[in-house]
Amino acid sequence: MERFEKADTNYPNPQNTGSEKTGTEKPGVITMINGPVVRGSGMSHFAMRELVQVGELGLTGEILQMDGDTSIIQVYEDTTGVRVGEPIRGLGRPLSVCLGPGLLGHIIDGIGRPLDRLMEAEGGFLARGTHLDPIDMGRSWEVTPLCKVGDTVSPGMAVAAVKETDLIENRVVVPRGVEGEVEFIAAPGYYRTSDPVARVRGASGVTPVMMYHYWPVRTPRPYKERLLPDEPLITGQRVIDGLFPISKGGVAAIPGGFGTGKTVTQHQLAKWSDARVVVYIGCGERGNEMTQVLEEFPSLEDPYSKKPLMQRTILIANTSNMPVAAREASIYTGITIAEYYRDMGYDVAMMADSTSRWAEALRELSGRLGEIPAEEGFPAYLATRLAEFYERAGKVRTFGDQTASISVIGAVSPPGGDFTEPVTRHTKRFIRCFWALDASLAHARHFPAISWTDSYSEYAEEVEDWYHQHVDPSWSALRGEARAVLAEDDTVQQTIRLMGEDVLPDSQRLVALTASLLKNGYLQQNSFSQDSFCPPEKGIMILKMILDFHNQAKKLVAGGCPLSLIRRMKELIELTHVRELAADDKAGFESLAKRLRERLAKVGSERLAGGGEEEAEPAPAPAQEGRGV
């Protein structure tokens, strides 16, 4: 029997998905159970990676190994109570997710089951052996045709538009491998998910075009061309947009020990990034954190459209108390859904929290399979799996000739904050943006706690032209100057910790003062105020103001003006809190910048006139603790 060989290259035919039990084939038999790993015999007619139903309960599983008529299966549900001798039935397709309108605004588990609909049906914990597609086949949608009878269509072309939410229009595209003349197209109106919206007559006959289809989660969806990621993903976080930008289509990692703010940072990125669709994966995280996401996101407002944020968000939950095998599958389910919306022409941001818990699931399953472990018990193919996952991100040209992207941001949870452990080290090989979280910043309540010394971004040069054209031509120069001041301050802080600030010349004390203004006035944000989201234009205004102060003060100090006179300026306190000004309050920014210039000029003139010889007690300067928090 032909199983699913064509699924790797073509969109599966939605009317022949293999979603029902085969029935006509003799089932296999369970011969061994080891937690989520099951061995079956009499399975020579099954296929590698085939989806199966295990035991009388019909638990969902996937074939991992085959040897003669014996197969090893990983089961995505709890195997408690399953007995040796129970049947194993094949479904004729690999682990797949049903893609169509109705995904946005909902929460599904790691293997694509709709948790919100199952909760309504069952009212408690998810029952084992429950099978339900993530989209409702009986729901009606408003359909608008985008072509007419007689038109010639090719793969990737949109034939109909479905209003999925107020923010996202779901586009029904011609499946891969289907080309020809439109024989039927649905008239404007409401249709159920299971109704065909078009029929295409081609060389192989008439093919229905449905609103939904299945796609194997471990198979990347094809595209026409890969493009250079030259447009930034605006996150609203100044430390990212200003110093360590990520492109649309880029990949980034957020590593950090316990309590450094990985999850909170990803929440911020999911809320405020300018991607059209957000896929958030809670992979092995604590249940209370996912509960916070589920309670918070429905009440949030999209900063761009002022509509509910959930109208462009999909949540995938596989918490730490859920079956470990499903945790391993969850990131593949998430990236497949992201590719589905990318193929419609949307920019998608995917948050994976965290890839370390996913790697731990790999390690547990590998141990149960008896595979030879590599470093720290992880399987030898850990790096390969990480590469396969991150390579599915990127900016592409779709078969519908649209430019779209998937940006992947993965949290990494190294034990004890050790960035040399295998998951973090291998992740750094496949990403180009590294936002290292610093425990000392997190403990000092500095948010985001992204270290300006350990982080880096290789996308800065690629997005430079975009920033120059759309934000400010001086963006790259300001970024370089700010990083230089922060790097020099790192050396100055070491001297301060050893010998105190009084031994430093005024030029180095000015570097410490400016760095403190950068850390407190620019890099730090308050996630509970209007400063939670900062447009790039506002960030540039703040950065310019601080660096202009630094350059003017540097000239005064070089001319013999004591730094103590500069530190007494009351405008420095305002400069520290300038981030609280509204982004559209340009008059407020210009007023403070003008007063700073005038005050510095006055200090210089008084010094030259001899009026500033007597030094008074300086006004309190911004705090300088530890690494300059």
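This is a short tour of one buried serine and three helix pairs in a predicted model.

**Stop 1: Ser-532**

Start by selecting Ser-532, in the loop that links helix 12 (506–523) to helix 13 (536–558). Is this residue buried or exposed? Its relative accessibility is 4%, so Ser-532 counts as buried, the cut-off for that class being under 20%.

Now show side chains and add Trp-272. The side chains of Ser-532 and Trp-272 are joined by a polar contact of 3.1 Å. To see the rest of the surroundings, select Gly-236, Gln-237, Gln-268, Gln-525, Asn-526 and Ser-527, which are among the residues in contact with Ser-532 once its neighbours within four places in sequence are set aside.

**Stop 2: helix 12 and helix 13**

From the loop, move out to the helices on either side of Ser-532, helix 12 and helix 13. Their axes lie 10 Å apart, and the two pack at an angle of about 170°. Angles over 145 degrees count as roughly antiparallel, and helix 12 and helix 13 are therefore described that way.

To light up the contact, pick Asp-506, Ser-507, Leu-510, Val-511, Leu-513, Thr-514, Leu-517, Leu-518, Gly-521 and Tyr-522 on helix 12. On helix 13, pick Gly-539, Ile-542, Leu-543, Ile-546, Phe-549, His-550, Ala-553, Lys-554 and Val-557. If you colour the residues of this contact by class, you should find twelve nonpolar, five polar and two charged.

**Stop 3: helix 6 and helix 7**

Next, jump to residues 355–369 for helix 6 and residues 382–390 for helix 7. Here the axes come within 11 Å and cross at roughly 135°, so helix 6 and helix 7 are oblique to each other. The crossing of this pair is right-handed.

Which residues of helix 6 and helix 7 meet? Helix 6 brings Thr-355, Trp-358, Ala-359 and Leu-362, while helix 7 brings Leu-382, Arg-385, Leu-386, Phe-389 and Tyr-390. By class, the contact between helix 6 and helix 7 has seven nonpolar residues, one polar and one charged.

**Stop 4: helix 10 and helix 11**

For the last stop, select helix 10 (residues 460–470) and helix 11 (residues 475–499), whose axes come within 9 Å and cross at roughly 130°. Helix 10 and helix 11 are therefore oblique to each other.

Show Ala-460, Val-463, Glu-464, Tyr-467 and His-468 on helix 10, together with Trp-475, Ser-476 and Arg-479 on helix 11, to see what makes the contact. Those residues divide into four nonpolar, two polar and two charged.

Terms used: Residues are numbered from 1 along each chain as its sequence is written. This is a predicted model: local features need pLDDT of at least 70, side-chain atom pairs count only at pLDDT 80 or more; totals for chains, interfaces and linings use all residues. Side-chain values use heavy atoms; hydrogens and water are left out. Helices (H or I, at least four residues) and strands (E, at least two) are DSSP runs, numbered from the N terminus. Buried means under 20% relative accessible area, exposed over 50%, partly exposed in between (1.4 Å probe, protein chains only). A polar contact is a pair of N or O atoms within 3.5 Å; within protein, one must be able to donate a hydrogen and the other to accept it, and residues adjacent in sequence count only if both atoms are side-chain atoms. Contact means heavy atoms within 4.5 Å. Axes are lines fitted to C-alpha atoms, for helices over the stretch in contact, and angles run from 0 to 180 degrees between N-to-C directions. Angles under 35 degrees count as roughly parallel, over 145 as roughly antiparallel, 65 to 115 as roughly perpendicular and the rest as oblique. Ala, Val, Leu, Ile, Met, Phe, Trp, Tyr, Cys and Pro count as nonpolar, Asp, Glu, Lys and Arg as charged, and the others, Gly among them, as polar. A crossing is left-handed if the near helix is turned anticlockwise from the far one by less than a right angle, and right-handed if clockwise.
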